[in-house]
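Please examine the structure below with attention to its pocket and its surface.

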Amino acid sequence: EDFNFPAFQAAVRELVDMGLRNLYHTATGVPPREAVAKPWEEYLRNALRLMLTCDAVVVLPGGRASKGAR
């Protein structure tokens, strides 16, 4: 549902409330409509590029079962 944007955005708010800064995630803005969404692989490539610049990675609850997280 909505490419899980609400869960990602809620997690970012929680991390910011904990005092963390310089957080990067790919679920910014509003979720794309299914009809105009890019291929999943393109989103994964963008996420991997971001991860290469990070010191840590946070996984959402249940994320270990996620195709993208694996």
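The report that follows treats the pocket and then a surface patch.

The model is predicted: local features need pLDDT of at least 70 and side-chain atom pairs pLDDT 80 or more, while totals for chains, interfaces and linings use all residues. Residues are numbered from 1 along each chain as its sequence is written, and side-chain values use heavy atoms, without hydrogens and water.

The largest pocket (an open set of points on a 1 Å grid over the protein atoms alone, where a 1.4 Å probe fits, with protein on both sides within 12 Å along at least five of seven lines) has a volume of about 1400 Å³. Its lining (residues with an atom within 4 Å of a point) comprises 41 residues, and Phe8, His25, Thr26, Ala47 and Val58 lie nearest the centre. Two helices (DSSP runs of H or I, at least four residues), α1 (5–17) and α2 (40–51), are the elements that each give two or more residues to this lining. The largest share, seven residues, comes from α2. By class, the lining holds 28 nonpolar, eight polar and five charged residues.

On the surface, Leu48, Met51, Val57 and Val59 form a nonpolar patch (side chains joined within 5 Å, each residue with over 30% relative accessible area and no salt bridge). Together they have about 350 Å² of accessible area. Two members are partly exposed, a class between 20% and 50% relative accessible area with a 1.4 Å probe:

| Residue | Location | Relative accessibility |
|---|---|---|
| Leu48 | helix α2 | 43% |
| Val59 | segment after α2 | 47% |

Leu48 also lies 18 Å from Gln9, C-alpha to C-alpha, at a sequence separation of 39 residues.

Definitions and conventions
Points joined across faces, edges and corners; volume = space filled by probe spheres on them. Nonpolar A, V, L, I, M, F, W, Y, C, P; charged D, E, K, R; others polar. Patch = residues over 30% accessible without salt bridge, like charges linked within 9 Å, V, L, I, M, F, W, Y side chains within 5 Å. Areas by Shrake-Rupley, 256 points an atom, 1.4 Å probe, with all protein chains shown as cover. Salt bridge = Lys/Arg side-chain N within 4 Å of Asp/Glu carboxyl O.
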